[in-house]
Amino acid sequence: MVKIKLGIIGYGSWVRDAYIPALKRDGRAEIVAISAKSEATIRLIKEDFGDTVTIYNGYEDLLESIKMEAVLIAVPDEIHAKAIVAGLNSAKAIFYEPPIAHTRALIPEIINELLAAPQITHADLELALVPAVGRASELIKKQVIGNVQTASIRLQSNWGMDPNQDTNTINRLSVWYVHVLNVLLDSTPKRVLLMDGYGTQGRRQSQSTGFFDYGGIWGELKVNIDSLEKLKITIEVVGDRGEIHIDILTGELKIRTKNDPEWDIKLLPGIQPYADWPGMHESISSFLDAVETGIPSYANAKVVANLNCVGLASEESKETGTWAIIAKST
């Protein structure tokens with residue numbers, strides 16, 4: 001089998017703990033080049049790969065190489081926009097981490113760049129690939145819990161404050177979490193209302209809630225990134241005949257109905273052991289599927305563009321203090 005020649009931009013802990021194990025498990029790609037800036041990181045690459053990869057000091061040089069057909073990008077938020085555009089200009093297939101930009105002004109520009117790009121692009125929207133989410137979506141479509149009234153996601157973590165940022169917390173995180181709501185409800189929201197905290201310096205508050213109008217179904221993303229509790233991501237979907245609960249980190253799916261009020265509990269996690277985060281194995285494999293077939297993945301440019309429009313509307317809601325209509329990407 002001819003392997004996909006792959007380059008990686010960045011070699012931090014996320015690459016080592018998430019990308020590398022997922023690539024090894026899938027087995028269809030060969031890492032041929034990595035870019036890194038610091039001497040310490042370059043030494044680490046040499047320790048891990050010996051002389052089997054070419055090391056570049058900058059991602060621009062890596063992207064100019066004809067050795068590879070696809071690139072994974074894992075850089076700090078403030079470099080995302082530049083690295084994504086450079087990847088798009090290289091014509092190589094790219095796998096990248098949200099957010100697409102670190103400022104409100106840049107987001108529309110990168111949306112347009114993504115939509116205009118001819119190659120495969122794949123955002124790492126791994127959470128919706130947890131099997132418990134997919135199974136819950138099937139149950140909701142079959143109306144096992146009746147007509148859905150509300151769908152909410154709660155994220156709490158001890159990641160700590162992130163002050164003096166240009167985007168709000170819901171904008172920063174909604175690409176992943178609203179995507180999960182969209183998958184569960186098989187729909188996209190029409191408008192958003194931001195109920196922001198006030199305890200953190202700057203625009204990005206440690207505690208924040210976004211409400212999303214799915215045309216009669218209310219979605220909610222409630223965030224506390226400076227919690228005393230450890231990381232927890234839970235979902236609750238309530239219908240007029242029952243409810244579904246999901247623990248994203250464990251893959252636990254619980255369902256009960258008025259006809260059967262005892263919890264029916266199943267364990268449907270992502271592929272384990274996790275490549276640092278639930279759904280990462282599945283996300284990497286989905287990208288490689290797209291590279292092989294030329295068929296855009298579930299995390300294609302249009303999906304990402306529309307999710308970023310949700311984030312931009314949350315910024316408008318923050319300014320106005322009321323509901324903001326979500327624009328559609330073109």
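The paragraphs below walk through a predicted model, taking its two sheets, one loop residue and its cavity in turn. Residues are numbered from 1 along each chain as its sequence is written, and side-chain values use heavy atoms, with hydrogens and water left out. Because the model is predicted, local features need pLDDT of at least 70 and side-chain atom pairs count only at pLDDT 80 or more, whereas totals for chains, interfaces and linings use all residues.

We begin with the parallel sheet. Six strands make up an open sheet in the order β3-β2-β1-β4-β5-β6, and their pairing is parallel; here strands (E, at least two residues) and helices (H or I, at least four residues) are DSSP runs numbered from the N terminus, and two strands pair if DSSP finds at least two bridges between them. Its edges are β3 (54-56) and β6 (121-123), each of which pairs on one side only. Neighbouring strands of this sheet are turned against each other by 25° on average, direction ignored, where axes are lines fitted to C-alpha atoms, for helices over the stretch in contact, and angles run from 0 to 180 degrees between N-to-C directions. At the β3 edge, three bridges join β3 in parallel to strand β2 (residues 29-35), and S35 has Y56 in β3 as its bridge partner. Helix α1 (residues 13-26) lies across β1 (4-9), β2, β4 (70-73) and β5 (93-96), running at about 175° to β1. Helix α4 (residues 77-89) also packs on the sheet, where it touches β4, β5 and β6 and makes about 165° with the direction of β5; contact means heavy atoms within 4.5 Å.

The other sheet has mixed pairing. Nine strands form this open sheet, in the order β14-β13-β12-β11-β7-β10-β9-β8-β15, and its edge strands, β14 (264-267) and β15 (324-325), each pair on one side only. Helix α7 (residues 169-185) packs on this sheet and touches β7 (148-156), β8 (191-196), β9 (207-213), β10, β11 and β12, its direction making about 140° with that of β7. Towards the β15 edge, β8 is joined antiparallel to β9 by six bridges, with M195 partnered by T209 in β9, and antiparallel to β15 by two bridges, with V192 partnered by A324. Helix α9 (residues 301-320) lies across β8, β9 and β15 at about 55° to β8. Elsewhere in the sheet, six bridges join the antiparallel strands β12 (residues 242-247) and β13 (residues 252-257), and D247 stands opposite E252 in β13.

A loop residue comes next. L231 lies in the loop between β10 (218-224) and β11 (232-239). Not counting residues up to four places away in sequence, L231 touches L155, Q156, S157, W159, L249 and W277. L231 is nevertheless partly exposed, with a relative accessible area of 24%, since buried means under 20%, exposed over 50% and partly exposed in between (1.4 Å probe, protein chains only).

Finally, we turn to enclosed space. A search of the whole structure finds one cavity of 30 Å³ or more, a cavity being a set of points on a 1 Å grid over the protein atoms alone where a 1.4 Å probe fits but cannot get out. The largest cavity holds about 30 Å³ of space, the volume being the space filled by probe spheres set on the grid points, which are joined across faces, edges and corners. Its lining residues, which have an atom within 4 Å of a point, are P99, A101, I107, T167, N171, R172 and N308.

Notes:
On a 1 Å grid over the protein atoms alone, a cavity is a set of points where a 1.4 Å probe fits but cannot get out, and a pocket is an open set with protein on both sides within 12 Å along at least five of seven lines; lining residues have an atom within 4 Å of a point.
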